[in-house]
Every structure is written in C-alpha cells, then in structure tokens.
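Got a model open and wondering what the labels on it really rest on? Let's go through some of them one at a time.

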Amino acid sequence: MGVTGVKVAAAGAGLPSPAHLPAHHLSVVVPMYNEVDNAAALIDAVRTALAAYPQPWELVVVDDGSRDATAAALRRHARATGAPVRVISLARNFRQTAAMQAGIDAAQGDVIVTMDGDLQNDPRDIPRLVQRLLTEDLDIVAGWRVRRQDGFWLRRLPSQLANRLIRRITGLPFHDLGCSLKAFRASVLREVRLYGEMHRFIPAWLSTVTSPARMAEEPVDHHPRLHGTSKYGLSRTLRVLVDLLAVTFFQRFAARPGHFFGVIGLAVLGAGLAILGYLGGLRLLLGEDIGGRPLLSLGFFCTIGGLQFLTTGVLAELLIRIYYGARHGQPYVVRQDDGRDEPRA
C-alpha cells in the first residue's frame, strides 16, 4: 500500500475466477483518432479478450473527428462480426480528453474501462482489472506499464519526470498516470467531468470525491505500436504542467476558494500596508522626500493587488455557492445511506 493508501499488487495476485464476481455490466471506452489500420484489430482484440467474460459487456469507440476512414472501418467490422460495438463520431477533433468523456457519457455499464485505441494497451488485462475493482470494493484500478514499450528520450523519460512531479504535488503515489488502461466504478467516475487534457489526472480528480484507500494500481502489459503514428510529443509537457496547477487547486480548494485567494490577498495587502506605513513614517516623522522612491510604487501596487486578491476570493466563494446550489452540485458524495426518513408529525 502506498503512502496515501493507494494499493499496489502483483499482477493477478489472489484474484478469484471472473465467474464469481458480482453481477455487472461492463463498458469498454476507447477514443480513436486516425487509427484506421487499428480499427478492425481493436475490435477483434477486445472480442477475444472478453469472449469468455461471464457478464454482459459493450465496446464504445469514439471516433474523435478522424480524417481517415477510422469510423467507417469500425462500423463495417462491427457489423461483420456482430460484436456489441457502438461507434460514436464527433463533429471534429476535440482531443483525447473530450473524446473519452463522450464515451463515458454514452457508456451504459456500471463498470467502465478506458484504454487507448493504438493496441499498445492489452485488452486481455481488462478482466483482471475489473476483478480487482469488484473483489476489493474499489473505485478505480489504474494500469501500470511496468515494461513500457516506447522510446526512452521522447516518451518514457518525460513520462517518468511528469509522474514523479505529479506524485509529489497530488500526494497520490501512482507510478503511471499516463496509462489509459483503467477500470472505474461508473457511479464514482460520473461524479467528475473531464476537460482540457485532464484524462491524465483522473485519479487526482477522483480523489476529490472518493478516498485514496479505494484506489489501486495494477501492473499491465504494454506492446509496441505496430500501425499508425503516435499523437503525443514533447509539447504535451507544458499542457501537463498547466493542468497540474488546476488539478492541485481543485483538489485542495474546490469547496473553499476564498481561503486560497484570501491568504494570498492578506499577505500581499499586509506587505503593501507595511511599506506604505514605513514610508509614511519617514515622511511625517523625519520629513524625508518619498515621492521618487521605487518602494512607494511597490507599496501602492501591493496594496491594490492584495485588495484584488481578497475581492477575487469573495467572488470565487459566490460562484462556488452557485455551483453547489445547482443540481448535482453537492460538496460531498454519499456512497450509501441505510437510514430511512421518519414521517414528520
């Protein structure tokens, strides 16, 4: 178990047979973009992996505005095989996070598994992740590509550095947040909304609605890409850093943004007032000229900036009250309520 309660286990350790799992409906969500060469192979791989699966399942593939024939190839092969495949085509390329959210919204299962469409994730790992999710009563089981089959300098090294930074800031000791192969309890996953490039931070977002003790990490297989080209590059590093700031803010101050802005505002305002008080003392008590001092400008701007931070905190508190006052906007998540309302007199 990790330092914050995230469980890490050896692959397949102590898991029962899938036939003994609780009844559930499994949805496998896969976003794809310009992956026509992998379309038929993906459907075949998922069908093979889930051929003996004892529970109903579906494959939801989201074509993220591909410019090739990915959507047509998916629909054609789904009809030919008779597999339970749903193909959702987006109007344009909205990027992976939005495509993943579209698949999650369309999924009908109470267990949702996400994975990439480039066949580097192995669908044969899906039953094992779902087994662990349900057997240990977890909310998320994230894949960990222990033996990652990617280039070191452009893929593995940046990923290792990013994961180390994310672990330190979020406090969640996941080794491989970039792995798309994850199993979720759908009722918990739907408590968060994904946007921007936030699919890399799903465990961090889930930590705002569930406990890290209900999260786990499972080693999974990883294969080299055989067809198509990678959609990732070094440019994603800056996006990850920006998104990490947003995740950290929501993780710690989602229900109390006034504390965040208020502390900064009070510190800046206090510094500004101290500077102005010091300069005022020089002018009134010693008669010194302070009009040309740069310190006067610094004190003035610190005072104005501190007031702006404080008013921003007040506005943020008003917005968060509006958000929590809206439908499904509670600042808490109830897992189970065994009580019963008593009739009022």
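What follows is a run of questions and answers about this predicted model.

Q: Why is the pair of W205 and F250 called tilted?
A: The ring centres are 5.4 Å apart, and the limit for a pair is 6.5 Å. The planes make an angle of 50 degrees. Stacked needs under 30 degrees and edge-to-face needs over 60, so tilted is what remains. It's one of eight aromatic pairs in the structure.

Q: What makes W205 and F250 a link between parts that are apart in sequence?
A: Look at where they sit: W205 is in helix 7 (residues 202–206) and F250 is in helix 8 (residues 236–253). The two parts are 45 residues apart in sequence, so the pair ties them together.

Q: Is W205 buried or exposed, and how do you know?
A: W205 has a relative accessibility of 7%, and the cut-off for buried is under 20%, so W205 counts as buried. Its partner F250 comes in at 34%, which falls between 20% and 50%, so F250 is partly exposed.

Q: What makes F249 and F261 an aromatic pair, and of which kind?
A: Their centres are 6.1 Å apart, which is within the 6.5 Å limit. The planes are 55 degrees apart, and edge-to-face would take over 60, so this pair is tilted too. F249 belongs to helix 8 and F261 to helix 9 (residues 257–286), with the two positions 12 residues apart in sequence. F249 is partly exposed at 22%, while F261 is buried at 17%. The cut-off of 20% falls between those values, so the labels differ.

Q: Which residues make up the aromatic cluster?
A: W205, F249, F250, F253, F260 and F261 form one cluster.

Q: How do you know that R92 lies over the face of F94?
A: R92 is 4.0 Å from the ring centre, and the distance limit is 6 Å. The position also has to be within 35 degrees of the ring normal, and R92 is listed as lying over the face. F94 itself is in the loop between strand 4 and helix 3 (96–106). At 34% relative accessibility, F94 counts as partly exposed. In space, F94 is 6.4 Å from D64, C-alpha to C-alpha, though the two are 30 residues apart in sequence.

Q: Why is strand 3 called largely enclosed?
A: Count the residues: seven of the seven in strand 3 (residues 57–63) are buried, so the rest of the structure largely encloses it. In a regular strand, side chains alternate between the two faces of the sheet. Here both faces are covered, with W57, L59, V61 and D63 buried on one side and E58, V60 and V62 buried on the other.

Q: What makes strand 3 a partner of strand 2 (residues 26–32) and of strand 4 (residues 85–89)?
A: Pairing takes at least two bridges. Strands 2 and 3 have seven, in the parallel sense, and V30 stands opposite V61 there. Strands 3 and 4 have five, also parallel, with R86 as the bridge partner of V60. The path from strand 3 to strand 4 goes through helix 2 (residues 70–81), and this β-α-β crossover is right-handed. Strand 2, helix 1 (residues 36–49) and strand 3 make a right-handed β-α-β unit as well.

Q: How do you know that strand 6 (residues 140–145) pairs with strand 7 and strand 8?
A: Again, two bridges would do. Strand 6 has three with strand 7 (residues 182–185), running antiparallel, and six with strand 8 (residues 215–220), running parallel. I140 takes part on both sides: it stands opposite F184 in strand 7 and opposite M215 in strand 8. Five of the six residues of strand 6 are buried.

Q: What span is expected for helix 9, and what does it reach?
A: With 30 residues at 1.5 Å a residue, 44 Å is expected, and helix 9 reaches 43 Å from first C-alpha to last, close to that value. Its buried residues include P257, G265 and L282. G287 follows the helix, with a positive phi near 70 degrees.

Q: How many disulfides are there?
A: Zero. A disulfide would take two cysteine sulfur atoms within 2.5 Å. As for individual cysteines, C179 is buried at 0% and C302 at 16%.

Note on methods: Residues are numbered from 1 along each chain as its sequence is written. This is a predicted model: local features need pLDDT of at least 70, side-chain atom pairs count only at pLDDT 80 or more; totals for chains, interfaces and linings use all residues. Side-chain values use heavy atoms; hydrogens and water are left out. Rings of Phe, Tyr and Trp (its six-membered ring) pair if their centres lie within 6.5 Å; planes under 30 degrees apart count as stacked, over 60 as edge-to-face and the rest as tilted. Helices (H or I, at least four residues) and strands (E, at least two) are DSSP runs, numbered from the N terminus. Buried means under 20% relative accessible area, exposed over 50%, partly exposed in between (1.4 Å probe, protein chains only). A crossover is right-handed if, with the strands pointing away from the viewer, the path from the first strand over the helix to the second runs clockwise. The expected span of a helix is 1.5 Å times one less than its number of residues.
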